[in-house]
Amino acid sequence: MSAVRVEGVWKYYGHFPALRDVSFQVEPGACLALLGRNGAGKTTLLKIIAGLSRPADGHVLVAGKEARDRETRARIGILGHGIAVYDELSAFENLKLFGRLYGLRDPARTALEWLERTGLERVRDGLVREFSRGMRQRLAVARAFLHSPSILILDEPFTALDDRAIAVLQGLLEKALADGRTVIMSTHQLREALQLATNVALLNRGKLAYHGERTAEMLADPGWLYRHYGEMA
Amino acid sequence: MIFLRQSLTIAVKDLRAELRSKEAINASLSFAIVILLLFSFAFDPSSEQTREISGGLLWLVFAFAGALVLNRSFARELTNDCLEALIASPVSGAALFLGKALSNFLVLIAIELLSLPVFGIFYNVRWTGQFWTLMMILLLATWGLTVIGTVFSALTVNLRLRELMLPTLVYPILIPALLPAIQLTSAVIAGQPLTADLYAGLRLLIAFNIIFTALALGLVETILVG
């Protein structure tokens with residue numbers, strides 16, 4: 001069974017088709033780099049896969065179930081454009097909150113483990129509004145990985161991260177892939193993405209222009225895909 | 001059980017965040033006190049007149065001050081894209097709504113309870129004569145205000161003019177709850193016993209709450225996800 005199956009998905013903003021008949025599958029344990037220029041529909045597609053939005057037509061199955069299914073959402077970890085943690089709560093309270101919402105057996109212990117993994121244990125009781133940008137980003141990474149999701153959806157995960165947060169995230173992603181988890185990430189940082197990716201999908205104005213395995217050619221020349229399948233191809 | 005636990009987690013989170021930032025509480029409470037003060041200067045009513053208008057005055061103040069709390073309910077989730085994280089989590093829209101409604105309800109009740117003594121002092125009215133009956137009316141009408149306000153807070157969260165849209169949408173729908181609440185509050189403050197007419201008002205409030213709570217719980221998932 002595919003980890004994620006996208007079938008004939010359409011999405012409109014007003015009359016504008018943001019996604020046009022997009023179909024592909026992601027196998028368990030794969031890492032899909034979702035590429036495309038700004039406005040190509042990457043974020044819209046990721047939101048539909050994560051159950052944040054419904055398609056106008058077509059459907060998405062995650063591990064054989066609907067994306068909005070409660071069980072499905074418990075399997076997904078999402079790291080979007082925002083850090084998705086509360087400024088008025090401490091780092092520990094934020095992670096404990098999401099641990100409770102995800103039904104973890106011991107949210108407090110898991111929160112402490114993740115604070116340690118992301119190097120935030122010394123500021124566990126500090127309010128997030130007092131954190132530096134890098135600390136907030138590491139907390140966001142901890143929040144996304146907290147419930148050990150089997151599918152990770154990352155929307156431009158490396159954008160605006162500081163060096164330490166990038167190192168933390170890369171380490172966690174490599175471990176997640178080694179553990180057989182599925183990763184879908186959109187990014188403009190081709191070289192970093194292609195190094196991690198096993199598969200590549202390229203969106204062009206809402207249409208899937210390419211979907212297949214990441215090849216040695218792409219790794220050697222990150223611009224190759226855009227030259228052959230991009231808008232100017 | 002999971003549903004209630006998740007709702008309580010959301011309610012506790014919202015209350016904790018509000019008590020630390022005090023954004024909505026400060027704005028709403030000062031608004032309520034200023035309006036009560038201004039009305040007392042503007043009309044200088046006699047004791048008899050005050051009893052007659054007390055219900056209308058109090059519910060006008062509670063409804064407008066409440067809008068300031070309810071507007072922040074879902075809007076506070078926009079900071080850092082927290083709303084997306086909540087919708088993506090295995091929390092149903094109904095549990096999220098109920099948690100937010102509970103937290104809003106407690107904040108509104110606290111503001112109302114702090115405003116009542118101010119009303120008593122400014123207007124020289126003894127409002128504690130039928131204290132528990134007044135509390136029952138406050139609880140019922142405030143739940144109605146909370147349910148409608150929380151739903152429309154979710155509906156307008158992505159609108160640029162949400163501060164204007166929320167009251168515009170909420171008040172017309174609230175009329176069936178506000179009218180009996182005004183009537184009952186005036187009667188209770190005037191020291192009148194509850195007549196059959198007033199009991200009908202109470203029943204209307206209860207029916208309003210049941211119908212709109214059920215509708216809100218059923219519709220909020222569609223409002224949030226589409």
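How many helices and strands does the secondary structure of chain A come to? The count for chain A is 9 helices and 10 strands, where a helix is a DSSP run of H or I with at least four residues, a strand is a run of E with at least two, and both are numbered from the N terminus. Before we walk on, please keep in mind that this is a predicted model, in which local features need pLDDT of at least 70 and side-chain atom pairs count only at pLDDT 80 or more, while totals for chains, interfaces and linings use all residues. Residues are numbered from 1 along each chain as its sequence is written, chains are lettered from A and ligands numbered from 1 in the order in which they are written, and side-chain values use heavy atoms, leaving out hydrogens and water.

Let's begin with chain A as a whole. Its C-alpha trace spans about 50 × 35 × 35 Å along the principal axes. The radius of gyration of chain A is 18 Å, which agrees with the value near 17 Å for a compact globule of 233 residues; this radius is taken over C-alpha atoms, and the globule rule is 2.2 Å times the number of residues to the power 0.38. Of those 233 residues, 55% are buried, meaning under 20% relative accessible area, whereas exposed means over 50% and partly exposed lies in between (1.4 Å probe, protein chains only).

Now zoom in on His147(A), which sits in the loop between α5 (133–145) and β7 (151–155). Is His147(A) buried or exposed? With a relative accessible area of 10%, His147(A) is buried. Beyond its neighbours within four places in sequence, His147(A) is in contact (heavy atoms within 4.5 Å) with Ala74(A), Ile76(A), Gly77(A), Tyr102(A) and Leu104(A). With one of these, Ile76(A), there is a further detail: its backbone oxygen lies 2.8 Å from a polar atom of the His147(A) side chain.

Another loop of chain A, between β6 (76–79) and α3 (91–101), holds Ala84(A). Although Ala84(A) is not a glycine, its phi is positive, at about 55 degrees. Ala84(A) is buried, with a relative accessible area of 4%.

Next comes chain B, whose secondary structure comes to 8 helices and 0 strands. Its C-alpha trace spans about 55 × 35 × 30 Å along the principal axes. Here too the radius of gyration is 18 Å, in agreement with the value near 17 Å for a compact globule of 226 residues. In chain B, 53% of the 226 residues count as buried. Among its contacts between residues at least 6 apart in sequence, 84% join residues at least 24 apart.

Where in chain B is Asp81(B) found? Asp81(B) is in the loop between α3 (47–75) and α4 (82–88). Its phi is near 60 degrees, a positive value in a residue other than glycine. Asp81(B) counts as partly exposed, at 31% relative accessibility.

Our last stop is Ala216(B), in helix α8 (residues 196–225) of chain B. Ala216(B) is buried, with a relative accessible area of 6%. Leaving aside neighbours within four places in sequence, Ala216(B) is in contact with Phe97(B), Val147(B) and Val151(B). You can also look for Ala17(B), which is 199 residues from Ala216(B) along the chain; the C-alpha atoms of the two are separated by 24 Å.

How values were computed: A polar contact is a pair of N or O atoms within 3.5 Å; within protein, one must be able to donate a hydrogen and the other to accept it, and residues adjacent in sequence count only if both atoms are side-chain atoms.
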